[in-house]
Amino acid sequence: MRLLEGEGLTRHFGGLAAVAGIDFHVDQGEILGLIGPNGAGKTTLFNLISAALKPTSGTISYQGSQITGLPPYKICRLGIARTFQTVKIFAHLPAVRNVIVGSLFGTGSRTSGAEALRIADEELEFVELSSLRNVPAGDLTLAAQKRLEVARALATHPTLLLLDEIMAGLTHTEVDEAMDLIARIRARGITVIMIEHVMHAIMNICDRIVVLDFGLKIAEGTPAEVAVDEKVIEVYLGEEI
Amino acid sequence: MNAFRDIFLTGLLLGGIFALVSVGLSLQYGVARVLNVAHGEFIMVGAFITFWMLGSINLNPLVSLVITGPAVFIMGLILHKTLFRRLMDTSPSLDVFEGKSMLASFGLLYVVQNLARIIWGSDVEGYNFLNSTVTAAQIPLNRLVALGFVIVLGVAFYLFLARTRLGKAIRASAQSPTTAELMGVNIHNVLAICFGLGLGLAGIAGSLLSTLFAIQTSIGLGYTVIAMVVVVLGGLGSITGAMIGGVILGLVSSTVTFFQPSLTMIAYYVIFIVLLLSRPKGIMGK
Amino acid sequence: MKTIRMTRNRGITLGLLLIAFLILAFLPQVTSGYVITLLIDILKFAILTVAWVVFSGPSGYMSLATAAFYGLGFYIAAVFSGTFPFPVLVIMAGAVAFVVALGVGALTLRLRGVYFAIFTFALVLLVQNVVLEIERVVTETRGRFVDTVSTEGVYYAIFIVFVLTMLTAVLIRRSRYGLALQSIGEYEEAAAHSGINVVRTKVLTFAVSAIFMGMAGAVIATRRTYIDPYIAFNLNTSFLPVLMAMFGGMTNLAGPVIGAALFTYIGEILLTRFPDLYMLIFGVVLILAILFMPNGVLGLAQRVWRKIRGGRRAPA
Ligand SMILES: Nc1ncnc2c1ncn2[C@@H]1O[C@H](COP(=O)(O)OP(=O)(O)OP(=O)(O)O)[C@@H](O)[C@H]1O
Ligand SMILES: [Mg+2]
């Protein structure tokens with residue numbers, strides 16, 4: 001079943017088309033990888049889906065209905081949560097308060113304070129940050145901050161989760177932990193779109209991959225198909241896929 | 001037709017003055033990130049130093065520019081090296097610094113204004129200087145002289161920014177402080193110099209203004225407000241924008257004053273607010 | 001052990017608050033004159049400062065519009081002076097300030113950082129000039145007269161508004177709005193993407209804080225007998241609460257109140273002893289406070305206190 005579908009999505013910045021007429025979709029329960037060189041338009045596509053930016057043209061539909069033009073908080077409450085490439089945490093609030101924001105405001109139904117706290121602690125447990133729950137988020141390591149963002153997003157009870165480079169800047173062990181985390185998120189029935197430059201992770205976890213370059217979709221398919229695609233190899237010339 | 005010409009000329013002359021009043025503020029905010037609410041107070045200081053030197057040693061107001069400019073520049077340097085530098089070091093982010101420095105500059109406003117009142121009193125002062133009119137257009141000579149100075153200053157300033165090493169460092173720092181630092185620019189010195197230059201320009205503006213208008217130790221805030229309107233009009237931090245914004249505001253001012261003088265201030269604020277809401281980056285911004 | 005200490009601390013705080021409340025409530029019965037006049041001034045600034053902190057503290061949006069709403073209260077009191085009884089005037093002022101702030105907030109709260117600050121700064125001057133022009137055209141005068149109210153009446157009015165302000169501030173801080181505002185102040189974009197309706201949260205809190213500014217204006221106007229736009233919409237009214245909040249510290253609500261009280265009291269002394277130096281010293285104090293007391297006097301006191309106790313425990 002189609003969960004999210006974009007048609008002819010375009011976004012210009014001045015003269016630059018960061019995203020140029022992209023069609024894409026995600027199916028329920030799937031993990032979709034989004035790859036492409038720096039500046040390809042991956043983050044911009046996330047910004048369009050989560051309504052951080054308005055598309056210059058094109059439409060997005062979610063669970064069969066149009067969501068183009070809705071404000072970000074409504075998108076979140078409808079079940080689309082996201083993380084950010086450069087972490088955007090509430091630095092002076094304790095970790096648990098960061099997550100409570102998600103469970104208190106993001107679920108789409110009115111949550112009581114006690115209930116929000118319970119959900120927040122659950123999600124902290126899920127991303128293995130329970131021991132740091134009272135530490136101000138700004139004092140956490142980068143890896144922990146990225147997991148905190150995931151917990152905050154999960155606390156909104158999303159149907160679709162957008163992960164923007166949660167493995168960038170992590171050590172090998174931390175990357176493995178992140179892969180495990182994504183597998184466990186999928187096991188909860190949450191659909192995931194992930195942007196990542198860590199190729200072995202993408203190739204291992206994703207069911208399907210979309211490749212962007214200069215705002216255009218240049219390839220799409222299973223990891224095996226994408227890995228041998230000529231255009232993709234050209235774009236990633238010299239890199240190991 | 002004649003009315004139209006008069007409005008245009010008056011507006012242009014006034015615009016030049018507004019531009020002069022504002023360029024300094026634009027520099028202070030654009031590079032040093034201090035939205036200096038006390039900007040107008042230094043215009044007042046420049047004006048009073050000029051007035052005082054005219055009275056005591058009969059120094060020509062146009063000559064005293066050479067003293068007020070550097071004097072106020074040095075005040076700016078010292079202020080930045082002590083006050084704003086420390087605020088910068090203790091602020092966790094640029095936003096926090098901008099907020100704190102604006103508040104600190106408000107404190108500065110009180111200090112400068114009241115020191116000036118203690119020294120110079122609170123009476124309205126003024127003197128006559130070149131106020132015979134140029135016959136053709138009934139334009140006072142002093143206004144023409146002031147405009148001439150503004151243009152010369154503008155060109156000199158432009159050349160300074162474009163050609164000299166320091167000017168280039170300033171422009172680089174305005175673009176990106178980190179890159180500038182990587183290129184070997186001592187960022188703290190540049191910021192201090194920019195703040196000082198901004199104040200120095202205010203001092204010079206004060207000298208020129210004292211040849212045109214009556215002065216009083218309380219005139220500062222009015223000029224600060226004009227400078228803010230102009231700077232927002234041209235885009236916060238854009239020097240060229242401040243020049244153009246000044247002229248536009250001058251024209252608006254002369255037009256509105258022609259029809260209904262009491263609406264002039266309201267016109268400023270309405271323009272200011274509408275612009276801020278519709279084009280927060282200014283008319284020159286993208 | 002820890003919880004026992006906390007409940008005991010809370011008990012002490014509540015007890016102190018109750019005592020303060022009772023003293024303030026019965027004071028006019030035992031004294032009058034200077035003390036009451038000073039207290040009216042202190043309470044006025046405490047209201048403005050706390051109301052300012054309610055919105056600007058957590059959200060980080062530095063509003064300089066306080067004078068606009070306060071002045072609005074002045075004019076409501078002046079225009080309808082004699083038409084309605086005093087309490088109705090005060091409530092009206094709060095309501096009008098609320099509605100106006102809703103409009104202003106909806107228009108301006110998408111401006112960020114320093115732009116928002118200068119917008120609100122200009123707003124005060126705009127309103128001042130517009131009122132001046134309206135008075136010139138419509139009434140052909142500059143100022144207006146306001147019916148006075150007894151000092152005791154004014155005192156109780158401002159006291160009630162103060163209590164309301166404190167209650168509202170505490171409620172907002174404890175409610176979901178408090179957390180929403182705080183996360184907006186920390187990272188607005190992340191707040192929006194976590195399901196917070198940032199526009200509504202900001203506009204509503206901004207407007208609620210304006211209620212008390214308007215009410216304070218209407219109460220104080222009756223002490224003035226004569227008002228004009230320069231008195232009503234005075235930029236100092238916008239800046240002073242910010243300074244008092246910074247001076248007192250904003251980590252909890254006691255900070256702004258202490259800041260307002262100390263500042264007003266010191267100001268009063270300066271004004272009587274050195275009227276010429278008053279504003280000068282005021283400016284110097286302000287700059288020093290910003291430079292050396294990032295968390296206000298309260299933060300300073302806490303730091304000293306921890307030092308005295310040997311810093312055995314990490315701050316909670
Ligand atoms: N807010 C913006 N304003 C102007 N240009 C932008 C903006 N956001 C993105 N761009 C430009 O759009 C293009 C695509 O950027 P985007 O961040 O989507 O790339 P990306 O694929 O996520 O790259 P990376 O792998 O480096 O994160 C880039 O050229 C970028 O400079
Ligand atoms: Mg990206």
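The following dialogue concerns a predicted model and the reasons behind the terms applied to its residues, ligands and chains.

Trainee: Why is B:Thr68 called buried?

Mentor: The relative accessible area of B:Thr68 is 0%. Buried means under 20%, so B:Thr68 is classed as buried. This residue belongs to helix α3 of chain B, residues 61-90.

Trainee: What makes the pair B:Thr68 and B:Ser207 a polar contact?

Mentor: The side chains of B:Thr68 and B:Ser207 are joined at 2.7 Å. A polar contact requires N or O atoms within 3.5 Å, one able to donate a hydrogen and the other to accept it. The value of 2.7 Å therefore satisfies the distance limit.

Trainee: Which residues are in contact with B:Thr68, leaving aside its neighbours within four places in sequence?

Mentor: They are B:Gly46, B:Ile49, B:Thr50, B:Gly203, B:Ile204 and B:Ser207.

Trainee: Why is C:Ala95 called partly exposed, whereas C:Ala117 is described by another term?

Mentor: C:Ala95 has 43% relative accessibility. Partly exposed covers the range between under 20% and over 50%, so C:Ala95 is placed there. C:Ala117 has a relative accessible area of 2%, which is under 20%, and therefore C:Ala117 is buried. C:Ala95 lies in helix α4 of chain C, residues 86-108, and C:Ala117 in helix α5 of that chain, residues 113-139.

Trainee: What is in contact with C:Ala117, apart from neighbours within four places in sequence?

Mentor: C:Ala117 is in contact with B:Met102, C:Met62 and C:Leu64.

Trainee: Which pair of chains shares the most contacts?

Mentor: Of the two pairs of chains in contact, chains B and C share the most.

Trainee: How do you know that no contact joins chain A and chain B?

Mentor: The term demands heavy atoms within 4.5 Å, and no contact was found between these two chains. Their closest C-alpha atoms lie 9 Å apart.

Trainee: What makes A:Thr43 and A:Gln85 donors of the magnesium ion, ligand 2?

Mentor: OG1 of A:Thr43 and OE1 of A:Gln85 lie 1.9 to 2.1 Å from the ion. For this metal a donor is an N, O or S atom within 2.8 Å, so both atoms qualify. A:Thr43 is in helix α1 of chain A, and A:Gln85 is in the loop between β6 (80-82) and α3 (95-105) of chain A, so the pair ties together parts 42 residues apart in sequence.

Trainee: Why are A:Thr43 and A:Gln85 counted as partly exposed?

Mentor: A:Thr43 has 25% relative accessibility and A:Gln85 has 35%. Neither value is under 20% or over 50%, so both residues are partly exposed.

Trainee: What makes the approach of A:Lys42 to ligand 1 a polar contact?

Mentor: A polar side-chain atom of A:Lys42 lies 2.8 Å from an oxygen atom of ligand 1, and the limit is 3.5 Å. Polar backbone atoms also meet that limit: one of A:Gly39 is 2.8 Å from a ligand 1 oxygen, and one of A:Ala40 is 3.1 Å from a ligand 1 oxygen. Taken alone, ligand 1 exposes 640 Å², of which the protein buries 62%.

Trainee: Which element supplies the largest share of the shell around ligand 1?

Mentor: That element is α1(A), with three residues. Both β2 (16-27) and α1 (42-49) of chain A supply at least two residues each. By class, the shell has four nonpolar, seven polar and two charged residues.

How values were computed
Residues numbered from 1 in each chain as written. Chains lettered and ligands numbered in written order. Predicted model: local features only at pLDDT ≥ 70, side-chain atom pairs only at ≥ 80, totals over all residues. Heavy atoms only, no water. Areas by Shrake-Rupley, 256 points an atom, 1.4 Å probe, with all protein chains shown as cover. Helix = DSSP H or I, 4+ residues; strand = E, 2+ residues; numbered from the N terminus. Nonpolar A, V, L, I, M, F, W, Y, C, P; charged D, E, K, R; others polar. Buried < 20%, exposed > 50% of the residue type's maximum accessible area, 1.4 Å probe, protein only. Donors = N, O, S within 2.8 Å, 3.2 Å for Na, K, Ca; no water.
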